[in-house]
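Trainee: Could you take me through one part of this model up close, at an easy pace?

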Amino acid sequence: SKPNRDDRRKQVLEWLSEQQEEGFYFNGKLSHQDGRIIASQSVEADEVLMEIPRSAVLSIGSGYVEGNTFCMLYKALERELDLKDTSKYSVYLQQLKEEQASDIDLPSLWSNTGQRLLELVSMTHPMNKINSVLEDYSHCIDGLPKEEKIETDEERTGFGIYNGEQHDNRALEDTQEDKIEELNLALAVKHHIDRKYMVPLYDQLEHHHVNYNTNHQVLDDKTIRIVAVRNIGIGEALSRPSMGCLEACEEFAHANFIETFKNYGEVQSYPHLLTFGNGISLIYHGADEEENAGRGKIEWIQAPTYESQIAAMAVEHNAQRTEYLQEVLPSRESVDEREWLQINEYCHALMDVLNVIVVEGSKLDLISEENEEEQDSEDEASEAEENEEEDSDDEGEESDYTDDDPWMVNGCDLSEDCTIDEIGFSRGCGETYHFDAKRNETEWVLMRSAYIAVVGPQQASMDLTFGSGFKVPFRVGHSPGRGRGVFATTDIPKGTLVWQSDFTATFTEGEQFRRFLAVLPDDMVCDLIIWCYTTLTLSGQDVIYCDLEEGSLVNSYDELSEYNVGVQKLLFSRKELDAGFAMRDILAGEEFITAYDEFDTENYKSFGLL
Ligand SMILES: C[S@@+](CC[C@H](N)C(=O)[O-])C[C@H]1O[C@@H](n2cnc3c(N)ncnc32)[C@H](O)[C@@H]1O
């Protein structure tokens, strides 16, 4: 818990304070609060905040050769741990051993939107971290058969999050406590600033990729001096770059931890429903301090069956990670500090939740790759049998599903065979539903991320970025008798490009569309049911389109004279675009009005959605 964490960190501080002769320095303007080091008085740019003498820094040792420095650091920690109280780092080690995985607090204010986003983010973002922790972790821990070592990076990618056999061995040998300790150490090492050194206090600062407020210098005597890189306000927590280098610095990776969702809203308390792209879902109940030493409890809804499912999650994640990295990091500037801190906390929390998931997943009786085909054909055979049985079933026979299954409504599966009406009904989108919520950027991004997560980044018709399809100044307002509408805020000459389908989600299958809706909150689903439409692409394909931005709020004309935005389908070499042009001069204050019948084919039937 937090007091413990502060206590441990204070002990580290005391231990370091004993090393003033070696050059330790801690600026009096700093203090400990809630497991962080904060500025208790304002700090100016370039002010020296701490100096950590080299004697307090734990390194991989002199026998360093090129290789897995993570492992070497892990081993160095282990060696010191074996020395118990005689290790000069014992206080620091105690802190590392205890706090990484067991003192996890997810942000406490999660909203519905945040919670939904958690489901989505969890299938994309944090797997990378777990993947890398556990890969490295399993390599470094004693008792693993050496020949199991993964030789090359290529093979390691295929290796996925864990190798069932290795984990099974470990499960037999290790007590739960051992495992937590090992995971803690592995996480602690992952938290390093430099691949070859563990720096007390400094390592434990929150780390940011872009907006850190401290950085380090290495003095001639190798003391590590931490300085403020900008003014730091009272109460602000110190943060450091996510990766640094203290010695023999060459190129190093700047960002292995992505700020996937920079605008995710507030976040909500337990329990969390986590849904992965490959259908695995679970409820995470958070940490139960008494019973579980701070480790969260998991209740599988759809547990993994195959080892490969876990590997697939990692692969899925890695593909998306690259895209997000390209898209999200450049827009960092537009995020305010408060939000950024929350994102950071949020991402950490997710990562930790998923660590628990993987540990718990390793306890399941998973089917390994070799047996998978066999199992597949068995599955097919039994599925065929089941179908036969189903065919001969009498109508009205009780279904297999119970009321407890949240995906089942009136015998239809919300993610597999429901019609739009059934989905709407299950979400309470009756006639009493008020279509008046103004959607903010967070919510548009949530919908976009849901879409990308469901169809996959390769097939998705958009990247995850901020913005609107509108190319002219506009505002969202109320259009009497029509609900929300979009209005011009400047005069727009005839022929101007008003809108473009930059954020139009394209679904080619009904099932994708159902799955997309299935992970979103009720109010959004009710809106999307109104907003999305079927259309025929220029290449002749029936598709479902959802404009995941204010384009969805454009109404259709009652009087032909109102019709002022004509939508044209344009075919480019790689991609089709819909573009809305001003069909006449549009005056500031006028509502943008289009003609639905020009593009809406009302063909949900062909998607099995009607
Ligand atoms: C794409 S949405 C447009 C945004 C919608 N007004 C809203 O608030 O969500 C389509 C829906 O808007 C409403 N709508 C659009 N044009 C309309 C019109 N001319 N008269 C009445 N309702 C209209 C209908 O409810 C329609 O299903």
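Mentor: Sure, definitions up front: two strands pair if DSSP finds at least two bridges between them. The strands themselves are DSSP runs of E with at least two residues, helices are runs of H or I with at least four, and both are numbered from the N terminus. Keep in mind that this is a predicted model, where local features need pLDDT of at least 70, side-chain atom pairs count only at pLDDT 80 or more, and totals for chains, interfaces and linings use all residues. Residue numbers start from 1 along each chain as its sequence is written.

Let's settle on strand 21 (542–547). Strand 20, residues 533–536, pairs with strand 21 in the antiparallel sense over four bridges. One spot to find there is T534, whose bridge partner in strand 21 is I544. The hairpin these two strands make has five residues between them, and G540 takes a positive phi near 85° in it. Strand 21 also pairs with strand 19 (residues 504–507), again antiparallel and joined by four bridges. On that side, T504 stands opposite D547. As you trace the backbone, remember that side chains in a regular strand alternate between the two faces of the sheet.

Now, how covered up is strand 21? A residue is buried if 20 or more other C-beta atoms lie within 10 Å of its own, exposed if 12 or fewer, and partly exposed in between, with C-beta atoms placed from the backbone. Five of the six residues of strand 21 are buried, so the strand is largely enclosed by the rest of the structure.

Strand 21 does some covering of its own, too. In helix 16, the buried residues are M524, V525, C526, D527 and L528. Strand 21 is among the elements that cover them, along with helix 13 (420–426), helix 14 (441–455) and helix 15 (510–518). Contact here means two C-beta atoms, placed from the backbone, within 7 Å.

Helix 16 (522–531) then takes us to the ligand, since it supplies at least two residues of the surrounding shell, as do strand 17 (483–488) and strand 22 (555–556). A residue is near a molecule if its C-beta atom, placed from the backbone, lies within 6 Å. There are 14 residues around the ligand, and R482, G483, R484, N555 and S556 come nearest. By type, the shell splits into four nonpolar, six polar and four charged residues.

Definitions and conventions:
Nonpolar A, V, L, I, M, F, W, Y, C, P; charged D, E, K, R; others polar.
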